[in-house]
Amino acid sequence: AHRPLIAPSILSADFARLGDEIQAVAGDGDTRADWVHVDVMDAHFVPNLTLGLPVVQSLLKATDLPLDCHLMIDDPDRWAIGYAEAGAYNVTVHAEAATDPVKIAKDLRAAGAKAGLSVKPGTPLEDHLDTLKHYDTLLVMSVEPGFGGQSFIAEVLDKVRAARRLVETGHLNVLVEIDGGINADTIEQAAEAGVDCFVAGSAVYGAEDPGKAVAALRDLAVH
Ligand code: DX5
Ligand code: ZN
């Protein structure tokens, strides 16, 4: 297997100091994050409100780490493209919210970004297989989207295993990403199930040294 990717979620960071908080995982070597995960919430698709495009535009100027924007919003058909045009590395929309997800993926890629499709814990993969062929990343939610610090839902690992099988058999060409409740106790089982990229919010920004937390999580994810 290749090197696991770690994507700290700034949802658990201090929003008054976002630039510094990203710098804490932007050092050299093992303590450097691979991507920075940015949770965009609109208080409609999920019952919480975070940040939007103006903040992402500022973060893009503040770091050279790739931004992994997770859009937990209604009408991504209208809003996702702006994040790609701004320079986000990967833009993930929710399968449950998208009206024309194939068009979204094509537009995101045309704007130079990778395209991500996310499914909530209760959303079956089978319903979106044809769509997934157009995407670069599959974000499997392992908590109900909306809040950091929730407990890992291990049942979603069946979905991860199914996706991994499709990738290995050449039926799918996506990076498998997991988001929610990932920490030192849960990351190994996710890695064994076939996850490529691990989002971690509270496990990184709740730690005394976020950079060390990144390195420790990546070590545990190597299997
Ligand atoms: C939740 C967000 C996650 C969140 C994860 O809806 O999508 O990215 O930050 O937080 P933890 O790692 O604390 O579960
Ligand atoms: Zn997220």
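Biologist: What is the order of the strands in the open sheet of eight strands?

Modeller: Welcome to this predicted model! The strands of its open sheet pair in the parallel sense. Reading across the sheet, the order is S1-S8-S7-S6-S5-S4-S3-S2.

Biologist: Which strands are the edge strands of that sheet?

Modeller: An edge strand here is one that pairs on one side only. The order of the sheet has S1 at one end and S2 at the other. The edge strands are therefore S1, residues 5-8, and S2.

Biologist: By how many degrees are neighbouring strands of this sheet turned against each other on average?

Modeller: For this value, the direction of the strands is ignored. On average, the turn between neighbours in the sheet is 25 degrees.

Biologist: In S8, which residue is the bridge partner of Ala 7?

Modeller: S1 and S8 are a parallel pair, joined over four bridges. S8 covers residues 197-200. The partner of Ala 7 in that strand is Val 199.

Biologist: Which helix packs on the sheet, touching S1 and S8?

Modeller: This helix covers residues 210-221. Its direction makes about 145 degrees with that of S1. The name you are after is H9.

Biologist: And at about what angle does helix H3 run to S4?

Modeller: H3 is made of residues 76-86. The helix lies across two strands, S3 (67-72) and S4 (90-94). Its angle to S4 is about 170 degrees.

Biologist: Let's turn to the annotations. Which residues does UniProt list for "binding site"?

Modeller: The listing comes from an unreviewed UniProt entry. The listed residues span 143 residues in sequence, yet no two of their C-alpha atoms are more than 10.5 Å apart, so they gather at one spot. The entry names His 37, Asp 39, His 70 and Asp 179.

Biologist: Is His 37 buried or exposed?

Modeller: His 37 sits in strand S2, which runs over residues 36-41. Farther along or back in the sequence, its contacts include Ala 7, Pro 8, Asp 68 and His 70. A residue counts as buried when 20 or more other C-beta atoms lie within 10 Å of its own. His 37 has 26 such neighbours, so the verdict is buried.

Biologist: Which residues does the "active site" annotation cover?

Modeller: This annotation also comes from an unreviewed UniProt entry. The residues span 141 residues in sequence, yet their C-alpha atoms are no more than 10.5 Å apart, so they gather at one spot. They are Asp 39 and Asp 179.

Biologist: Which residues does Asp 39 touch, not counting those up to four places away in sequence?

Modeller: Asp 39 lies in strand S2. With 24 C-beta neighbours inside 10 Å, Asp 39 counts as buried. Its contacts beyond those four places are Ser 9, Leu 11, Thr 50, His 70 and Met 72.

Biologist: What about Asp 179: in which strand does it lie?

Modeller: Asp 179 is buried, with 26 other C-beta atoms within 10 Å. Leaving out residues up to four places away in sequence, Asp 179 touches His 70, Leu 139, Met 141, Ser 142 and Val 199. Its strand, residues 175-179, is S7.

Biologist: Which residues come nearest to ligand 1?

Modeller: There are 22 residues around ligand 1. By class, eight are nonpolar, 12 polar and two charged. S2, S8 and helix H8 (202-205) each supply at least two residues of this shell. Those that come nearest are Ser 9, Leu 11, Gly 148, Gly 201 and Ser 202.

Biologist: Near what value is the phi of Ala 43?

Modeller: Ala 43 is found in the loop between S2 and helix H2 (53-62). With 13 other C-beta atoms within 10 Å, Ala 43 is partly exposed. Its phi is positive in a residue other than glycine, near 65 degrees.

Biologist: And in which loop is the place of Asp 75?

Modeller: Asp 75 has a positive phi of about 55 degrees although it is not a glycine. Asp 75 is partly exposed, with 15 other C-beta atoms within 10 Å. Its place is in the loop between S3 and H3.

Terms used: Residues are numbered from 1 along each chain as its sequence is written. Chains are lettered from A and ligands numbered from 1 in the order in which they are written. This is a predicted model: local features need pLDDT of at least 70, side-chain atom pairs count only at pLDDT 80 or more; totals for chains, interfaces and linings use all residues. UniProt positions are given in the numbering used here, feature names are shortened, and annotations may be inferred rather than shown by experiment. A residue is buried if 20 or more other C-beta atoms lie within 10 Å of its own, exposed if 12 or fewer, and partly exposed in between; C-beta atoms are placed from the backbone. Two residues are in contact if their C-beta atoms, placed from the backbone, lie within 7 Å. A residue is near a molecule or strand if its C-beta atom, placed from the backbone, lies within 6 Å of it. Ala, Val, Leu, Ile, Met, Phe, Trp, Tyr, Cys and Pro count as nonpolar, Asp, Glu, Lys and Arg as charged, and the others, Gly among them, as polar. Two strands pair if DSSP finds at least two bridges between them. Axes are lines fitted to C-alpha atoms, for helices over the stretch in contact, and angles run from 0 to 180 degrees between N-to-C directions.
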